[in-house]
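Biologist: I would like a close look at one part of this model, the place where the two chains meet. Please take me through it slowly, and put it in the setting of each chain.

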Amino acid sequence: MRGGSGLDGPGGPATGTSVEALIARVLLWGGLVSGLFVLLGLTLYAAGGGVSARVLELHRLGRPERLAHPPDVFVSLGEVLRGLSARPLDPLAVTALGLVLLLMTPALGVAVAIPAFVRAGDRRYAAIAGIVLAMLLVSLLLAGGVA
Amino acid sequence: MELSTFVVAVLLTSVGAGTVGAVLGLGGGILLVPILTIFYGVDMHYAMGASIISVIATSGGAAAAYVKTGLSNVRIGLFLVMATIAGALTGALLAGVVPVRWLELILGLALSYSAFATLQQINLELPRELPDDWLAMRLGLEGVYYDRRLDQEVKYRATRIGRGFGAMYAAGVLSGLLGIGSGAFKVLAMDHFMRLPMKVSTATSNFMIGITAAASAGIYFTRGDIHPLIAAPVAIGVLLGAYLGSVVMVRLRNATVRKVFLPVVVYLALSMILRSLGVRLF
């Protein structure tokens with residue numbers, strides 16, 4: 001595999017490598033860390049007998065009545081944190097934490113791109129990344145409003 | 001089915017969905033949602049929540065590798081994703097106002113045309129030289145990647161940026177209105193309008209779909225559509241599958257990727273036309 005030098009050819013983006021390497025690292029670690037939390041939670045749940053205790057209860061995975069979501073489903077960060085601080089620890093809260101981290105990873109990738117573009121002297125793309133991040137935040141706020 | 005069997009089955013299915021998604025620049029929802037609902041009896045809402053997880057996990061598993069090697073073009077991706085998210089927000093606002101059936105029909109016909117156009121250039125390995133687009137020059141919408149299969153550095157520059165940007169906005173509106181993923185449209189717009197190499201199109205789409213999905217992830221989460229016992233095996237399976245897919249994809253020819261992509265477009269076109277007639281494939 002060629003190193004970063006290939007990206008800096010004449011006419012190519014002069015500042016490519018550092019920004020791309022940083023985004024790649026954030027996406028990679030975001031995926032790894034969240035995947036580990038998801039796996040850890042699932043393993044703890046299985047070790048606690050959760051998986052075998054729920055034999056033939058798959059139909060409960062179907063959507064219940066609108067207002068009461070099943071205790072396994074987390075709908076806010078507060079619920080996840082309560083599950084994490086509960087003793088004994090709620091293993092599915094660990095999984096939910098991993099899922100939340102996973103959902104946040106792309107936004108994190110965009111966020112770190114902004115200062116990286118600025119450092120690379122590319123204000124135009126710093127601005128574009130800023131607009132994308134702002135739109136992500138707007139849609140998050142809309143989600144909060146809907147809830 | 002026992003829950004443990006269910007978890008393992010969903011995990012294995014997700015490895016497959018992640019692999020295919022990573023190669024084709026899709027989130028895997030097109031495979032996962034029907035399989036989860038039809039074969040595993042999962043509720044549609046939980047299946048959609050799992051699909052959002054799948055999209056972001058595909059990005060996490062594959063885009064990291066693609067971005068690092070330059071196959072995903074971050075600038076092109078960020079520029080176009082502005083259009084897609086703006087479109088998705090518009091689509092959410094328009095929900096309930098626009099006659100959905102006509103949209104489905106128009107989309108189905110547009111996709112049929114895309115399938116035809118894809119078929120016409122099915123064996124094209126690299127795009128032919130095209131006149132420079134001033135916007136692409138100004139915004140530096142270009143790049144270089146080392147193609148392992150061709151064993152050469154491939155230089156490319158996007159063209160017809162206006163049309164590509166418009167198509168991305170439309171894709172965002174439609175995915176917001178119709179509740180379908182937009183990965184396939186992103187690939188088509190980059191392949192057809194902007195004339196990027198096929199692998200750059202799918203890899204850049206992989207980077208973009210994660211960001212687009214993140215925009216609606218909050219809604220799914222607070223609505224309670226993300227069930228840990230369904231989403232967990234999906235996340236782990238798709239992360240693994242996407243990593244596998246990224247290893248496979250860099251070794252494929254551009255033409256091969258396009259050949260695998262064509263059936264997806266045909267399927268989407270058919271399902272949209274059928275939906276406009278009131279028939280749902282799943």
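Modeller: What follows goes from the reliability of the model to each chain, then to the contact between them, and last to a few unusual backbone spots.

The model is predicted, so its confidence scores come before anything else. Chain A has a mean pLDDT of 78, and 71% of its residues reach 70 or more. That confidence varies from element to element: in chain A, helix H4 (residues 91-119) has the highest mean pLDDT, 94, while helix H2 (residues 50-53) has the lowest, 58. Two stretches of chain A call for caution. Over residues 1-15 of chain A pLDDT stays under 50, and the model has 26 contacts beyond four places in sequence for them. Residues 55-67 of chain A also stay under 50, with 20 such contacts in the model.

Now the make-up of chain A. Its secondary structure consists of five helices and zero strands, so the order from the N terminus is simply α-α-α-α-α. Of its 147 residues, 38% count as buried. If we take the contacts within chain A between residues at least 6 apart in sequence, 56% of them join residues at least 24 apart.

Chain B has eleven helices and two strands. Along the sequence the pattern is α-α-α-α-α-α-β-β-α-α-α-α-α, which puts the two strands one after the other, with helices before and after them. Buried residues make up 61% of the 282 residues of chain B. For contacts in chain B between residues at least 6 apart in sequence, 82% join residues at least 24 apart. The C-alpha trace of chain B spans about 55 × 40 × 30 Å along its principal axes. Its radius of gyration is 18 Å, which agrees with the value near 19 Å that a compact globule of 282 residues would have.

With both chains introduced, we can turn to the part you asked about. On one side there are 59 residues of chain A, and they are in contact with 58 residues of chain B. Helices H1 (16-47), H2, H4 and H5 (123-146) of chain A each supply at least two residues to the side of chain A that touches chain B. The most comes from H1(A), with 14 residues. By type, the residues on this side of chain A are 38 nonpolar, 15 polar and six charged.

What lies at the centre of the nonpolar packing? The largest nonpolar core has 135 residues, and those that touch the most other members are Leu99(A), Val132(A), Ile53(B), Ile56(B) and Ala235(B). That list includes residues from chain A and from chain B. Helix H3 (residues 44-69) of chain B provides the largest share of this core, 15 residues.

Two alanines of chain B show the meeting of the chains in detail. Ala235(B), leaving aside its neighbours within four places in sequence, is in contact with Gly35(A), Val38(A), Leu99(A) and Leu102(A) on one chain, and with Ile53(B) and Ala57(B) on its own. The other alanine, Ala64(B), lies in helix H3 of chain B. Ala64(B) counts as buried because it has 28 C-beta neighbours inside 10 Å, and the cut-off for buried is 20 or more. Not counting residues up to four places away in sequence, Ala64(B) touches Ala24(A), Leu27(A), Leu28(A) and Gly31(A). Within chain B, the C-alpha atoms of Ala64(B) and Leu36(B) are separated by 27 Å, and the two residues are 28 apart along the chain.

Finally, some backbone details in the loops. Most peptide bonds are trans, and most residues other than glycine have a negative phi. A cis peptide bond, with omega about 0°, joins Arg87(A) and Pro88(A). Pro88(A) is in the loop between helix H3 (77-85) and H4 of chain A. In chain B, Arg160(B) has a positive phi, near 45°, and sits in the loop between strand S2 (152-157) and helix H7 (161-178). Arg160(B) counts as partly exposed because it has 19 C-beta neighbours inside 10 Å. Arg195(B) likewise has a positive phi, about 55°, although it is not a glycine. Its place is the loop between helix H8 (183-193) and helix H9 (198-223) of chain B. Arg195(B) counts as buried because it has 22 C-beta neighbours inside 10 Å.

Terms used. Residues numbered from 1 in each chain as written. Chains lettered and ligands numbered in written order. Predicted model: local features only at pLDDT ≥ 70, side-chain atom pairs only at ≥ 80, totals over all residues. pLDDT = per-residue confidence, 0-100. Helix = DSSP H or I, 4+ residues; strand = E, 2+ residues; numbered from the N terminus. Contact = placed C-beta atoms within 7 Å. Nonpolar A, V, L, I, M, F, W, Y, C, P; charged D, E, K, R; others polar. Buried ≥ 20, exposed ≤ 12 C-beta atoms within 10 Å, placed from the backbone. Core = buried A, V, L, I, M, F, W, Y, C linked by C-beta atoms within 7 Å. Rg over C-alpha atoms; globule rule 2.2 N^0.38 Å.
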